[in-house]
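Colleague: I'm new to reading protein models, and I'd like to learn by going through one with you. Could we put it on the screen and take the features in turn?

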Amino acid sequence: MIKKHNIILLSVISALTLNSFQNTQKIKAFQPGDSVISLDFENTATASDIIPMGIVTLNIDTANGNNSNSCLRVTNRTQAWNGAGFFDHPSIIPGNTYDFKAHVFHYSENPENILCTMKTTTADGSTSYNTVAKVEMPSQTWTEITGTFTVPPDALQYAIYIESYNK
């Protein structure tokens with residue numbers, strides 16, 4: 001039976017936005033509904049779980065949080081898929097199902113399609129990309145993006161990250 005967990009990522013900001021994961025061994029069992037990862041970016045230690053996806057700059061922004069003082073700001077993206085995420089996070093176990101939630105903001109003048117994507121690489125070397133969530137966001141407004149994903153049991157590497165159709 002697949003267990004379902006929550007990943008809560010709060011106040012993620014950018015000229016785009018977000019997060020990704022890594023895991024090589026089983027860890028403590030979580031109960032359905034437990035928060036596995038929860039980041040509010042109120043201290044820089046929480047940002048260490050987040051990695052850049054592609055060429056981007058990640059900074060803690062202490063002036064523009066959503067219901068908090070801080071958020072993660074993603075800037076200097078060179079391609080649409082560039083963002084921030086979790087890569088092989090030790091709290092994410094292949095074969096399990098997880099709920100995902102993040103709050104995203106963008107500065108462009110027009111609505112923006114924002115996606116949460118899961119990249120998976122398996123033992124045979126094949127790579128797949130699956131959309132976990134997609135939302136069309138109004139400009140300059142905090143918007144919640146939610147979705148559910150299952151890390152395939154045969155995943156050797158995986159990443160969960162936020163991207164946008166536009167740079």
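Modeller: Sure, and keep in mind that this is a predicted model. Let's begin with the cysteines: a search for disulfides comes to zero here.

Colleague: How buried or exposed are cysteines such as Cys71 and Cys116?

Modeller: Buried stands for a relative accessible area under 20%. Cys71 is buried, because its relative accessible area is 0%. Cys116 has 0% relative accessibility, so that one counts as buried too.

Colleague: Let me step back a bit. What does the secondary structure of the chain come to?

Modeller: You'll find one helix and eleven strands. Walk along the sequence and the pattern is β-β-α-β-β-β-β-β-β-β-β-β.

Colleague: And how much of the chain counts as buried?

Modeller: Of its 167 residues, 48% count as buried. The chain exposes about 7,900 Å², with carbon and sulfur atoms supplying 48% of that area.

Colleague: What do the contacts say about residues far apart in sequence?

Modeller: Take the contacts between residues at least 6 apart in sequence: 77% of them join residues at least 24 apart. For another example of sequence against space, look at Tyr161 and Phe87: they are 74 residues apart in sequence, yet 8.5 Å apart in space, C-alpha to C-alpha. Tyr161 sits in strand S11, and this tyrosine counts as buried because its relative accessibility is 2%.

Colleague: Now the inside. Which residues of the largest nonpolar core touch the most other members?

Modeller: The general idea is that in soluble globular proteins, nonpolar side chains tend to be buried together. In this model the largest nonpolar core has 27 residues, and Ile92, Phe100, Cys116, Ile145, Phe149 and Val151 touch the most other members. The elements that give two or more residues to this core are S5, S6, S7, S8 (112-122), S9, S10 and S11 (155-164).

Colleague: Could we pick one of those residues? What does Ile145 touch?

Modeller: Leaving out residues up to four places away in sequence, Ile145 touches Phe100, Lys101, Ala102, Val104, Ile114, Leu115, Cys116, Ala133, Lys134, Val135 and Ile162.

Colleague: I've heard that aromatic rings can pair up. How many aromatic pairs are there?

Modeller: A pair of aromatic rings is described by the distance of the centres and the angle of the planes. The count here comes to three aromatic pairs. One of them is Phe105 with Tyr107, an edge-to-face pair at 4.9 Å centre to centre and 70° between the planes. Phe105 counts as buried because its relative accessibility is 12%, whereas Tyr107 is partly exposed, with a relative accessible area of 29%. The rings of Phe105 and Trp142 have centres 5.5 Å apart and planes at 50°, so that pair is tilted.

Colleague: Where do Phe105 and Trp142 lie?

Modeller: Phe105 lies in strand S7 and Trp142 in the loop between S9 and S10, so the pair ties together parts that are 37 residues apart in sequence. Trp142 has 21% relative accessibility, so this residue counts as partly exposed. Put the residues together, and Phe105, Tyr107 and Trp142 form one aromatic cluster.

Colleague: Strand S7 again! What joins the side chains of His103 and Glu144?

Modeller: A polar contact of 3.2 Å joins them. His103 lies in strand S7, residues 97-105, and at 15% relative accessibility this histidine counts as buried.

Colleague: One more topic: backbone angles. Which value of phi does Asn76 have?

Modeller: Phi of Asn76 is near 60°, a positive value in a residue other than glycine. Asn76 belongs to the loop between strand S5 (71-75) and strand S6 (83-87). This asparagine is exposed, because its relative accessible area is 53%.

Colleague: And what about Gln140, where does that residue lie?

Modeller: Gln140 is in the loop between strand S9 (127-137) and strand S10 (143-150). Its phi is positive, about 55°, although Gln140 is not a glycine. Gln140 has a relative accessible area of 42%, so this glutamine is partly exposed.

How values were computed:
Residues are numbered from 1 along each chain as its sequence is written. This is a predicted model: local features need pLDDT of at least 70, side-chain atom pairs count only at pLDDT 80 or more; totals for chains, interfaces and linings use all residues. Side-chain values use heavy atoms; hydrogens and water are left out. Helices (H or I, at least four residues) and strands (E, at least two) are DSSP runs, numbered from the N terminus. Buried means under 20% relative accessible area, exposed over 50%, partly exposed in between (1.4 Å probe, protein chains only). A polar contact is a pair of N or O atoms within 3.5 Å; within protein, one must be able to donate a hydrogen and the other to accept it, and residues adjacent in sequence count only if both atoms are side-chain atoms. A nonpolar core is a set of buried Ala, Val, Leu, Ile, Met, Phe, Trp, Tyr and Cys residues joined through side-chain atoms within 4.5 Å. Contact means heavy atoms within 4.5 Å. Rings of Phe, Tyr and Trp (its six-membered ring) pair if their centres lie within 6.5 Å; planes under 30 degrees apart count as stacked, over 60 as edge-to-face and the rest as tilted. Accessible areas come from the Shrake-Rupley method with a 1.4 Å probe; for residues, only the protein chains shown count as cover. A disulfide is a pair of cysteine sulfur atoms within 2.5 Å.
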